[in-house]
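Thank you all for coming; I would like to take a few minutes on one model, which I will put up now.

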Amino acid sequence: MDRGQVFEEMYRTIERNEMAVLRNVNRFPVYGKDVISPCMMVCINHSGVARALYDLQEVVFRPNEIAVVMPNHILRPLESTPDYNVTILVHSPALCEELKTKRLTHDYHKYHRQPTCLLTNEEMTQFMRAVDLLEHICQTSTQRYPLRHEMLIQLTNVMSEMHNAFRREMDEKMRKDDNKYAVFNAFCDALARNYHEQHEVAFFAEKAHLTTRHFSVIIKEVVGISASDYIEQYLATQAKKLLTSRPDLSVQQISDHLGYADSPSFCRFFKRHTGITPNDFRQQG
């Protein structure tokens, strides 16, 4: 089973179980390549340092920090030290959506503005106690806990509020920039839902109730590239993922899935972005 198939199987398992607690993770699955995950991940750093690009912005992840990686954003792991060791909480897409609808505040954009948060030793101990309980619930069947789903929701909300308390001072300093990051996060969500059919900036600007020009200015301020360039990078990353993980799909089928008018248009886009054809990329493995 190749790397792409391993990822797909992992995502299917998480979707069935709603959540997973991954202990003693000491490296990224890939380095130097863009990854778009449909899952939300909460990473807790016990030791070592990692460096990555998160939506093209460099992030350094240090000991005693929590990092939140929201679904459908672009993550490019760069490097990690030999002593790197983290615990990762992985939320399924369905669970993540339910958590969003049940929370009173929708301030997830702050995790793009600053995905990491430094904890004291006491805060880390408190949070890991909650992780232990969460892992126990994840590993227990609904026969034992008939309300297992509700328990996961409630405990995850409790842990989210703990995390909010840990980073409250930092969040207050960022409050004035919240609006533009909220626009960007909504853009990422809309792109994840519509990239199969929509590639035009005007469509996403309309979703945000902004003019195309104003929308484009905001996206450029947040990520440093234009909205159209971000859409192209997102599409290229999805194309690479499909070419790697779905050998059963032809280039034509992938082109259709990504919303291109025909296979030649998709191949021209892919070669312009990567320097090689989809078939050559697939053969490289």
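I will go through one helix pair and then two loop residues.

What you see is a predicted model, in which local features need pLDDT of at least 70 and side-chain atom pairs count only at pLDDT 80 or more, while totals for chains, interfaces and linings use all residues. Residues are numbered from 1 along each chain as its sequence is written, and side-chain values use heavy atoms, with hydrogens and water left out.

Let me begin with helix H2, residues 93–102, and helix H5, residues 148–166, whose axes come within 11 Å and cross at roughly 60°. Helices here are DSSP runs of H or I with at least four residues, strands are runs of E with at least two, and both are numbered from the N terminus. Axes are lines fitted to C-alpha atoms, for helices over the stretch in contact, with angles running from 0 to 180 degrees between N-to-C directions. On the H2 side, Leu95, Glu98, Leu99 and Lys102 meet His149, Ile153, Thr156 and Asn157 of H5, where contact means heavy atoms within 4.5 Å.

Now to the two loop residues, beginning with glutamate 18, which lies in the loop between helix H1 (3–17) and strand S1 (19–25). Its phi is near 75°, a positive value in a residue other than glycine, and glutamate 18 is buried, with a relative accessible area of 17%.

Histidine 209 sits in the loop between helix H8 (201–207) and helix H9 (212–223), and its phi, near 60°, is likewise a positive value in a residue other than glycine. Is histidine 209 buried or exposed? Histidine 209 is exposed, with a relative accessible area of 73%; buried means under 20%, exposed over 50% and partly exposed in between, for a 1.4 Å probe and protein chains only.
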